[in-house]
Amino acid sequence: MKLLTNAQKLLLPLLRRQRSSKTTTVQAHDPTAAGQPALTSAQLDELERNAVLRHHRNNVPLIRKLIEASVGGDRSVEQQLAEELGQLPNATHPRLLDYGEQPRELAQYAHRKMPPKPKEFSELARSLNLYRMDHLGNYTGHKSYYLTGQLATLEQAIIQYALESVTKHGFQLISVPDILPKEVIESCGMRTEGERTQVYKLDTGECLSGTSEMALAGFFANKVLSEEELPLKVTAVSRCYRAETSGLQEEKGIYRVHQFTKVEMFAICTPGQSEAELEEFKNIELDLFKQLGINFRLLDMPPCELGAPAYQKYDIEAWMPGREMWGEISSCSNCTDYQAKRLGVKYRRASDGQVLHAHTINGTATAIPRLLIALLESYQKEDSIEIPTVLRPFMDGQESITRNKRIPETKLVKFIKAAS
């Protein structure tokens with residue numbers, strides 16, 4: 001962690017000069033402060049090993065060249081160096097260093113006996129007339145979907161169940177915007193430029209949020225909190241937008257879509273609290289899915305699966321019997337001070353009044369489409385879907401989902417022009 005902090009201190013004062021002419025939420029240390037050490041060759045070697053370990057873009061050779069070229073004070077070089085330093089991934093938890101490229105399965109939870117000949121979600125939903133994904137390209141685009149009738153009601157029940165659960169643990173509900181400045185999104189660790197970006201960009205230069213984690217983090221940008229307020233825990237329900245696509249058969253249907261609803265948890269805490277907070281997030285998620293009665297497993301993710309911001313991350317995968325596969329339905333990450341440094345989220349230490357960067361934690365309480373897949377495939381009957389007991393209070397006590405006869409089925413037909 002000290003090494004990454006040292007790299008952050010090299011973020012050049014150019015960023016400050018840029019902010020003087022254009023307001024932005026991105027923050028950085030002032031590396032010209034007296035006594036700040038420069039990165040040594042050995043430290044750069046370690047940063048490079050970390051980037052390679054995480055399968056991150058290895059920009060350290062370029063950083064070495066830019067550090068040498070920046071001695072002359074060329075502002076364009078300084079700007080490029082600042083950008084490259086900002087793209088370095090977070091440090092990696094020592095526990096993960098020998099994991100290789102595979103996650104460690106920590107536990108499996110079995111709650112239901114699987115049906116003998118399970119059907120896949122789309123087959124189930126279509127047979128009950130609760131779902132539409134076909135023939136939508138003309139007006140909603142690829143990877144779009146409609147949930148209708150009782151399936152749409154089930155979606156809302158899951159949201160209310162998740163919110164009731166997390167607010168009992170002290171999370172405050174916040175309603176967040178879906179359109180954000182790209183600086184906030186990039187400060188949270190998601191790139192908005194490049195061929196492989198998952199971010200939808202608008203003509204205004206702003207972006208559609210990929211998760212409410214970004215809006216929640218941005219809410220606290222440039223704020224100094226008191227240590228007594230921490231850990232500060234918030235939650236949000238939002239639509240999430242992802243430009244990602246997949247041609248994999250196992251990810252067909254609503255498994256990977258461009259727009260979906262998610263209940264997100266987010267916390268700001270001190271460095272001494274962050275690992276315990278991550279464990280709390282993990283335990284909340286485990287309890288949520290235990291109560292839903294699905295079969296799932298807990299994974300400790302290897303360095304190559306952490307992305308840029310996470311120091312460590314847990315994934316939860318549900319067994320989807322119709323697809324005969326494990327599918328990710330939740331995760332939680334400790335981002336330490338990666339996001340806080342970029343957004344200027346700080347706290348004042350009670351013991352001496354010193355202002356320090358906070359740590360941030362995020363976790364998914366429910367990601368609706370994939371959870372619907374797991375629930376319908378696990379709770380299917382011959383001609384109905386049993387509703388998990390914990391969701392029934394949010395569906396007026398309803399115990400099962402049967403065929404929806406109110407919404408007419410839609411079929412693609414050719415338009416035939418009548419003869420005049």
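This note goes through annotated binding-site residues and one helix pair in a predicted model.

1. Annotation. One UniProt "binding site" annotation, from an unreviewed entry, covers Arg242, Ala243, Glu244, Val257, His258, Gln259, Phe260, Glu328, Ile329, Ser330 and Ser331. UniProt also lists Thr211, Arg242, Glu264 and Asn362 under "binding site", again from an unreviewed entry. Arg242 is thus named in the one list and in the other.

2. Val257. This residue sits in the loop that runs between strand 8 (232–241) and strand 9 (259–269). Is Val257 buried or exposed? Its relative accessible area is 3%, and because the cut-off for buried is under 20%, Val257 counts as buried. Beyond residues up to four places away in sequence, Val257 touches Met133, Lys143, Tyr145, Arg242 and Pro369. Arg242, one of these partners, belongs to the annotation that covers Val257.

3. Ser331. Strand 12 (residues 325–334) holds Ser331. With a relative accessible area of 12%, Ser331 is buried. Apart from neighbours within four places in sequence, the contacts of Ser331 are Glu285, Lys313, Tyr314, Asp315, Asn362, Gly363 and Thr364. Among them is Asn362, which UniProt lists with Thr211, Arg242 and Glu264.

4. Thr211. The loop between strand 6 (207–208) and helix 9 (212–219) contains Thr211. Thr211 is buried at a relative accessible area of 5%. Which residues does Thr211 contact, leaving aside neighbours within four places in sequence? They are Cys240, Arg242, Lys262 and Glu264. Arg242 and Glu264 appear with Thr211 in the UniProt list.

5. Glu264. Strand 9 carries Glu264, which is buried with a relative accessible area of 1%. Outside its neighbours within four places in sequence, Glu264 is in contact with Thr211, Ser212, Glu213, Val234, Thr235, Ala236, Asn362, Gly363 and Thr364. Asn362, Gly363 and Thr364 are also among the contacts of Ser331.

6. Helix 7 and helix 10. The axes of helix 7 (residues 149–167) and helix 10 (residues 274–292) come within 11 Å and cross at roughly 135°. The two helices are therefore oblique to each other, and their crossing is right-handed. On the helix 7 side the meeting residues are Tyr161, Ala162, Ser165 and Val166; on the helix 10 side they are Ile284, Asp287, Leu288, Gln291 and Leu292. By class, this contact has 6 nonpolar, 2 polar and 1 charged residues.

Note on methods:
Residues numbered from 1 in each chain as written. Predicted model: local features only at pLDDT ≥ 70, side-chain atom pairs only at ≥ 80, totals over all residues. Heavy atoms only, no water. UniProt positions renumbered as here; feature names shortened; annotations may be inferred. Helix = DSSP H or I, 4+ residues; strand = E, 2+ residues; numbered from the N terminus. Buried < 20%, exposed > 50% of the residue type's maximum accessible area, 1.4 Å probe, protein only. Contact = heavy atoms within 4.5 Å. Axes fitted to C-alpha atoms, helices over the stretch in contact; angles between N-to-C directions. Parallel < 35°, antiparallel > 145°, perpendicular 65-115°, else oblique. Left-handed = near helix turned anticlockwise from the far one by under 90°. Nonpolar A, V, L, I, M, F, W, Y, C, P; charged D, E, K, R; others polar.
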